[in-house]
Amino acid sequence: PELILAASPVYNPEFFTIAAGAAEGVCAAYFKNNLAHPAAAQFEKRWGHAVNLPAANGYDVIRIADLALAKCGYQTQPQCLKDALFSIKNYEGLSGKKSFDDTFGEMSDNYQIVVARNGQFVPFQTR
């Protein structure tokens, strides 16, 4: 590829309008959604297209927040919520598998390489 970008253009439909033909073949790193998750099929049925990153992340944020709040009896006590979030390991969500690092509180994500083909980003396939 001649150009590799950050994930931002993947979910910005104006990218293809602005770049036009120059977009073809552009590669980007992108979060890998779990399209086998039951919510992925529900999303596609309702909206008529595959789930995108903002929708997948939004879904998982609510689910993870509920898990943490449930562990704290739905009380918003900062230390309890912090400990509850750090205890979440291998959460199988719509935006992929998530685990919180109990030292820094960082969450791991899975990525994939996508390539612009015919006006949309699709998973990169080796030939």
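Let us start with helix α2, residues 38-47, where Ala39, Ala40 and Phe43 are buried. Seen down the axis of α2, these buried residues fall within an arc of 105°, so they line one face of the helix. The general background is simple: an α-helix has 3.6 residues a turn, so residues three or four places apart point the same way. On the other side of α2, the exposed residues are Pro38, Ala41, Gln42 and Lys45. I should say at once that this is a predicted model.

What lies over the buried residues of α2? The cover includes α3, residues 53-71. Just after α2 comes Gly48, whose phi is positive, at about 80°.

Let me now place this helix in the whole protein. Its secondary structure comes to 4 helices and 6 strands. Along the sequence, the order of these elements reads β-α-β-α-α-α-β-β-β-β. The protein has 127 residues, and 31% of them count as buried. As for contacts between residues at least 6 apart in sequence, 47% of them join residues at least 24 apart.

I turn next to two of the strands, β5 and β6. They run antiparallel and are joined by 4 bridges. One facing pair can be named here: Ala116 stands opposite Phe121, which belongs to β6. Together, β5 and β6 form a hairpin, with 2 residues between them. In that turn, Asn118 has a positive phi of about 55°. A positive phi has thus been mentioned twice, for Gly48 just after α2 and for Asn118 in the turn of the hairpin.

These strands bring us to the largest pocket. In general terms, rolling a probe the size of a water molecule over the atoms shows where empty space is left. In this model, the largest pocket holds about 600 Å³ of space.

Which residues lie nearest the centre of the largest pocket? Of the 20 residues in its lining, they are Tyr30, Ala50, Val51, Asn52 and Phe121. Phe121 is therefore a residue to find in the structure twice over, since we have just met it opposite Ala116 and it returns here among the residues nearest the pocket centre.

Both strands of the hairpin take part in the lining: β5, residues 111-117, and β6, residues 120-123, each supply at least two residues. The largest share, 4 residues, comes from β6. By class, the lining of the largest pocket comprises 12 nonpolar, 7 polar and 1 charged residues.

Note on methods
Residues numbered from 1 in each chain as written. Predicted model: local features only at pLDDT ≥ 70, side-chain atom pairs only at ≥ 80, totals over all residues. Heavy atoms only, no water. Buried < 20%, exposed > 50% of the residue type's maximum accessible area, 1.4 Å probe, protein only. Arc of directions from axis to C-beta. Contact = heavy atoms within 4.5 Å. 1 Å grid on protein atoms, 1.4 Å probe; cavity = no way out; pocket = protein on both sides within 12 Å on 5 of 7 lines; lining within 4 Å. Points joined across faces, edges and corners; volume = space filled by probe spheres on them. Nonpolar A, V, L, I, M, F, W, Y, C, P; charged D, E, K, R; others polar. Pairing = 2+ DSSP bridges.
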